[in-house]
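Biologist: I am new to this structure and would love a guided tour. Could we go through it together, one question at a time?

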Amino acid sequence: MKLMSQLKLFNKSFCAISCLIAFQNLYAVEGGVGRPITGMQVQPLNGLLPIQEGGVLTYSSIYYDGKFERLRDAPIVGELIGGLDYAISYNMLNGVFVWNTNEKWSLATTVGIPVQYTKINAYLNNRQFEDSATKIGDAIFSPLMVNYHFNPIMHALFGISIYAPTGSYNANKLSNAGQNTWTFVPNMAFTSILPKMNAEITTNIAYEIYTKNDATGYKNGDVFRFDILGLKHFGELGGDGLGLGAVFGYINQTTEDEGRLADRLNGFKGRALGVGPILNFDKKLSKTSGISASLRGVYEFDVKNRPEGEAYQFSINYQY
């Protein structure tokens, strides 16, 4: 149980970001834009919530630069656009409350509010249209997450995240922070700790279900996503120190989009893969508080029916 005690503080600083960072934007679907970015959903010790009661505040920022080829049509705000260039900065402040349970189970409730800067260049009939804005995005919350601790080195997390259409949306604009849809995301995370290597392997698996956008009559197809992270910790696991590893992400749309424009694009099903490095740092402030920071870059490849580009994520978490 010594390892479990060491992880209580260390992992608590990650649980808010682990459960709430399902960043909006970017695979097939309407506008070429959906909820997640490739390789951005999994976090260190994603499958392990702390046991003790308490809270965490997290600030997370992601920058994405991607392009939709000008020869490819994409549906956006009720029209077919011949190519899109994206520059998006997605910033989220979120919080988590962990309920008092026991050594085998952890329960938590989470909520996050994003602010998004979006700049889009669209191309239609050899003309270029540009739009940009900074707006509040769709809120995301998880009423209850359930974490089971098989033993000190194996952990599984189950929950349903919900996106509410609270973000700014205008069917006549390109740069929308909200999507004007509810999205329900059953998800599972698994963490396996390798004590002899002072390392971890963590996976995150989710399935995203969208409602119809009533403003455009467009319904996004369901999406499966899988992310895996391997991280070597150079300090004591659960204490101060750096970590270095790699992230791999896979997004695949399992059902076709529906609507007038989707029919013209044969369902517009998309996929994407991405890979990149991650750097992590942890610092204890006291027995019950600490700060964690993480930086990664993910580069997409084998992309179909969505923008292709690169993304960078920075997060900082404070446990209190």
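Modeller: What follows is a short conversation about strands, charged pairs, a buried threonine and aromatic rings, and please keep in mind that this is a predicted model.

Biologist: Let us begin with strands β7 and β8. How many residues lie between them in the hairpin?

Modeller: Strand β7 covers residues 140–151 and strand β8 covers residues 154–163, and the two run antiparallel with eight bridges joining them. At the turn end, Asn151 stands opposite Met154 in β8. The number of residues between the strands of this hairpin is two.

Biologist: Further along the chain, how many bridges join β15 to β16?

Modeller: It helps to start one strand earlier: β14 and β15 run antiparallel and share twelve bridges. There, Gly243 has Asn280 in β15 as its bridge partner. On to the next pairing, where Val275 stands opposite Tyr299 in β16. β15 and β16 also run antiparallel, and the number of bridges joining them is eleven.

Biologist: Now for charges. How many salt bridges does a search of the whole structure find?

Modeller: Side chains of opposite charge can pair when their charged atoms come close. One such pair here is Glu300 with Arg306. Searching the whole structure gives a total of four.

Biologist: Which residue forms a salt bridge with Asp240?

Modeller: The closest N and O atoms of this pair are 3.4 Å apart, inside the 4 Å limit for a salt bridge. Asp240 counts as partly exposed because its relative accessibility is 36%, and the partner is also partly exposed, at 40%. The partner of Asp240 is Lys283.

Modeller: The pair links distant parts of the chain, with Asp240 in the loop between β13 and β14 and Lys283 in strand β15, 43 residues apart.

Biologist: And which residue does Arg271 pair with in a salt bridge?

Modeller: Here the closest N and O atoms are 3.2 Å apart. The pair links distant parts of the chain, from Arg271 in strand β15 to a residue in strand β16, 31 residues apart. Arg271 is partly exposed at 28%, and its partner is partly exposed at 40%. That partner is Asp302.

Biologist: Glu300 and Arg306 came up earlier. Are they buried or exposed?

Modeller: Their side chains meet in a salt bridge, with 2.6 Å from N to O. For burial, the relative accessible area has to be under 20%. Both Glu300 and Arg306 are buried.

Biologist: Let us turn to Thr202. Which side chain makes a polar contact with the side chain of Thr202?

Modeller: Thr202 sits in strand β10, residues 199–210. With a relative accessibility of 0%, Thr202 counts as buried. Leaving out residues up to four places away in sequence, Thr202 touches several others, including Val42, Leu45, Phe190 and Ile228. The polar contact, at 3.0 Å, is with the side chain of Thr191.

Biologist: Gly221 has caught my eye too. How far apart in space are Gly221 and Gly270, C-alpha to C-alpha?

Modeller: Gly221 is located in the loop between β12 and β13. At 1% relative accessibility, Gly221 counts as buried. In sequence, Gly221 and Gly270 are 49 residues apart, while in space their C-alpha atoms are separated by 9.5 Å.

Biologist: Finally, the aromatic rings. How many aromatic pairs are found in the whole structure, and why is the pair of Phe97 and Trp99 described as it is?

Modeller: The search of the whole structure finds seven aromatic pairs. For Phe97 and Trp99, the ring centres are 4.8 Å apart and the planes stand at 80°. Planes over 60 degrees apart count as edge-to-face, so the pair of Phe97 and Trp99 is edge-to-face.

Modeller: Tyr299 and Tyr312 also form an edge-to-face pair, with 5.9 Å from centre to centre and 80° between the planes. Tyr299 lies in strand β16 and Tyr312 in strand β17, so the pair ties together parts that are 13 residues apart in sequence.

Biologist: Are Tyr299 and Tyr312 buried, partly exposed or exposed?

Modeller: Tyr299 has a relative accessible area of 35%, and Tyr312 has a relative accessibility of 32%. Partly exposed is the class between under 20% and over 50%, so Tyr299 and Tyr312 are both partly exposed.

Key:
Residues are numbered from 1 along each chain as its sequence is written. This is a predicted model: local features need pLDDT of at least 70, side-chain atom pairs count only at pLDDT 80 or more; totals for chains, interfaces and linings use all residues. Side-chain values use heavy atoms; hydrogens and water are left out. Two strands pair if DSSP finds at least two bridges between them. Helices (H or I, at least four residues) and strands (E, at least two) are DSSP runs, numbered from the N terminus. Buried means under 20% relative accessible area, exposed over 50%, partly exposed in between (1.4 Å probe, protein chains only). A polar contact is a pair of N or O atoms within 3.5 Å; within protein, one must be able to donate a hydrogen and the other to accept it, and residues adjacent in sequence count only if both atoms are side-chain atoms. Contact means heavy atoms within 4.5 Å. Rings of Phe, Tyr and Trp (its six-membered ring) pair if their centres lie within 6.5 Å; planes under 30 degrees apart count as stacked, over 60 as edge-to-face and the rest as tilted.
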